[in-house]
Amino acid sequence: MLREGLSRRKVVTLAVAGLVGAAVTHRKAIAAIAADMIEVAPGLFVRTGLTEIATAANRDAIANIGFVVDRESVAVIDPGGSLADGLALRSAIRARTSLPIRYVIVTHIHPDHILGCPAFAGDHPEFIGHAALPRSIAERGEFYRAGMHELLGDEGGAAVMPDRTIAATGTIDLGGRKLEIRAHGPAHSGSDLTVMDSTTGTLWAADLLFVTRVPSLDGSVRGWLRELAALDDTNPARVVPGHGPASVPWPDGAADVRRYLETLAADVRAVLKRGGDLDEAAQVAALSERGRWQLFDEYNAHNIAHAVHELEWENAQ
Amino acid sequence: MKPIFCAALVLLSLGLARATRAGENEEAQRWELVRNSVYHGRAMQDAGDAVQVIVPDRALDAALVPVTVRLDTPKRIVALSLFVDNNPAPLVGTFHFGPAISATQIKLRVRVNAFTPIHAVAETEEGTLLNASHFVKAAGGCSAPSTGQSADIAANIGQMQLRRTRPDDGSPIPAQLLISHPNYSGMQTNPGGANFIPARYLETVSIKTGGVTVFDLATDISLSEDPVIGFSYTPAGDGGVDVVAHDSSGAVFSRHFESLAN
Amino acid sequence: MRFLHFAVMLAVPLLVAAGEPDPAGFRMDNYNAPVPDTLAGAQVVDAESLASAMADGAIVIDVMPAPHRPPALPADRPWLPVPRMEVPGSLWWPEIGRGAISPALDVWFRGRLATVTGGDPGKALAFYCKPNCWMSWNAAKRAIGYGYRKVLWFPGGAEAWAEAGYPLHPGTPEAPPLDP
């Protein structure tokens, strides 16, 4: 693990430099963000993200991120969308506990959930990700890092390779409670994890669940619907979505995302069945959903392209 | 199942997303370089209404940008080339049309680096070149995710579909040919390894109906993964369609499609 | 004069790396990641120091990977990669920054270095690619291993050169033998 260790040493350097450089100017901003933690269940805290696209002003704080703390340690669930975002989360954690941050669970590859990793390097946590995450980082990590660097410079952050990967399920123990981590087949992305806290009955669904903000499809539309159905077995008391309020009931909270995906798939299938192609699908698919989601126009077209590419081979003869 | 072709392009350049349009001069110079590499200085005319390049306003996904070329001219068009100017392999493909084509509309999906002109050049039977273009903003699209599983690719490579709708009046049949193929560019690094995924891409796609040529397409790495080619043809002979595709590894894929039932 | 330049290069402030040594061996994969602050046996330079070194005759080598023309691509199909903008006067040797290089590539690299230095192991050599890329670190380390005594490493790459206000010129890559 020499390589990962050294990456983190360099990342410590970046984090230190970032702190030194940013502390004075951003202390107020960090305090403001830190105040936004919501304790949705005892020991389980969520910082809701902004319903915006990533900008320099919002520091890519556009996803729901947070942490779980119990007797012995803290687990971060998604370190944030930038180094700045991650540092703010870390500040919020330290405002509440001095227990060691032993785990950073990265629920999937997307920048708003991963680029805050370096903020926690100094805690030497175990970074945990889906078995498919290392490959995804190798393919896209630099592209995401460079993109965020253009927005935020040294505060952009970077992905960090996981120390531990989950192929099916895995458990971590915070002393007093255990968290069960579950790996999913391609759904929202190709590297989706969810986290179940049985002690409080809270399912952290991450980006398998979108509320208010339009879902973005980067895995498989059919797979996503299947994985949502599989989550019914967990029977949670509440669910933390990747985007939306800090917690929603289950299964009602997932009704919208299911309907969106089913509509998208049905509309695309209908276009394909009557001989239409990508151009036509781009104009009509999921249009009925338009008034029901924020940022619809920013993402729906890309979701359609992805769904067409997936579904046009569905019934190949 | 989208390869990291375009992400690789971004990484191999200065690593800065090309998020702005280059100056007119730069664009014109680049187009001159690109077109001369194929046409070697032959004169070209602005196509006007005869050739239109249509790309959706909102880029869906830069790994599979749908490009439509509409041809509206009494002259007979014998060949059509499509270019993505800023790609390292800027000639997406050249169609040589046969007697069975109805040369009114051709559709292709192409890979696009962020922000580039796309050019279509149609050649009439007298040898006149008609040039049309469209600017494409595929902002950030080159980060096209790679969700491909190589087992799937290997199992499905070369499979084809021909989607047709039968018009009522005996006019040419609009069709789409879909081919399952990763079209690896050879520039994609194997994640975690030092080697490249070897290039493997479609080189030619030939379509005939009843033994009469519809078109022969010569192409390479700027064609999207899992290409979809839209065209119209007039059935000949028994109305069946034969497709033969060669890829750069020497593999040959072929399929016969029965004529549409009445 | 030379001593002053040398002192300037040493005085370039380095980010504190908490006294950690450089990793042993070469970086084998995941090249696009934060890089160390130091390279044992090399001097880390910024754009200004590189410019000084060039004025003193240092040879500058860009190791960015270059797009490969697919071997089977017919000669009549155009291959026109958009030009890479680099430090003017750079030699562009793609592929030598990989963690593992083939024997053929190793021979090629040694030979090119011998030619451009005129066989003088004290000739200054500077390696770069782009920010947060291990390839230039690997290439510089390799040159040190070959016995070159004055190896400079410019981690900021073409970007840092441009940010410091220096011009960039389009480069043409040489064609080292590729890994099979």
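**Reading the strands and helices of a predicted model**

Author: In this predicted model, chain A holds an open sheet of seven strands in the order 1-2-3-4-5-6-7, with mixed pairing. The twist from one strand to the next averages 25°.

Reader: What makes strand 1 and strand 7 of chain A the edge strands?

Author: Strand 1 (37-41) and strand 7 (164-166) of chain A each pair on one side only, and they stand at the two ends of the order 1-2-3-4-5-6-7.

Reader: Why is the pairing in the sheet of chain A called mixed?

Author: Strand 4 of chain A shows both kinds of pairing. Strand 4 (residues 74-77) and strand 5 (residues 101-105) of chain A run parallel and are joined by four bridges. Strand 3 (residues 65-69) of chain A and strand 4 of chain A run antiparallel, also with four bridges. Two strands count as paired when at least two bridges are found between them, so the four bridges to strand 5 meet that criterion, and so do the four to strand 3. Among the partners, A:Ala75 is bridged to A:Tyr103 in strand 5, while A:Val69 stands opposite A:Val74. A hairpin of four residues connects strand 3 to strand 4 of chain A.

Reader: How do you know that both faces of strand 4 of chain A are covered?

Author: A:Val74 and A:Val76 lie on one side, A:Ala75 and A:Ile77 on the other, and all four are buried. A residue is buried if 20 or more other C-beta atoms lie within 10 Å of its own. In a regular strand the side chains alternate between the two faces of the sheet. Across chain A, 59% of the 317 residues count as buried.

Reader: Why are helix 6 and helix 8 of chain A called oblique to each other?

Author: The axes of helix 6 (residues 255-273) and helix 8 (residues 296-311) of chain A come within 10 Å and cross at roughly 60°. That angle makes helix 6 of chain A oblique to helix 8 of chain A, because angles under 35 degrees count as roughly parallel and those from 65 to 115 as roughly perpendicular. The crossing is right-handed.

Reader: What makes up the contact of helix 6 with helix 8 of chain A?

Author: From helix 6 of chain A come A:Leu264, A:Ala265, A:Val268, A:Arg269 and A:Leu272, which meet A:Asn303, A:Ile304, A:Ala307, A:Val308 and A:Leu311 of helix 8 of chain A. These residues divide into eight nonpolar, one polar and one charged.

Reader: Which strands of chain B does strand 12 of chain B join by bridges?

Author: Strand 12 (residues 212-219) of chain B runs antiparallel to strand 5 (residues 91-97) of chain B, with five bridges, and antiparallel to strand 11 (residues 202-209) of chain B, with six bridges. B:Thr94 has B:Ala218 as its bridge partner, and B:Ile207 has B:Phe215. In the hairpin of strands 11 and 12 of chain B, which has two residues between the strands, B:Gly210 takes a positive phi near 55°.

Reader: Why is helix 4 of chain C described as mostly covered?

Author: Nine of the 11 residues of helix 4 (residues 135-145) of chain C are buried, among them C:Met135, C:Trp137 and C:Arg142. The buried residues pack against strand 1 (42-44), helix 3 (103-117), strand 5 (125-128) and strand 6 (151-153) of chain C. Helix 4 of chain C is followed by C:Gly147, with a positive phi near 110°.

Definitions and conventions. Residues numbered from 1 in each chain as written. Chains lettered and ligands numbered in written order. Predicted model: local features only at pLDDT ≥ 70, side-chain atom pairs only at ≥ 80, totals over all residues. Axes fitted to C-alpha atoms, helices over the stretch in contact; angles between N-to-C directions. Buried ≥ 20, exposed ≤ 12 C-beta atoms within 10 Å, placed from the backbone. Contact = placed C-beta atoms within 7 Å. Parallel < 35°, antiparallel > 145°, perpendicular 65-115°, else oblique. Left-handed = near helix turned anticlockwise from the far one by under 90°. Nonpolar A, V, L, I, M, F, W, Y, C, P; charged D, E, K, R; others polar.
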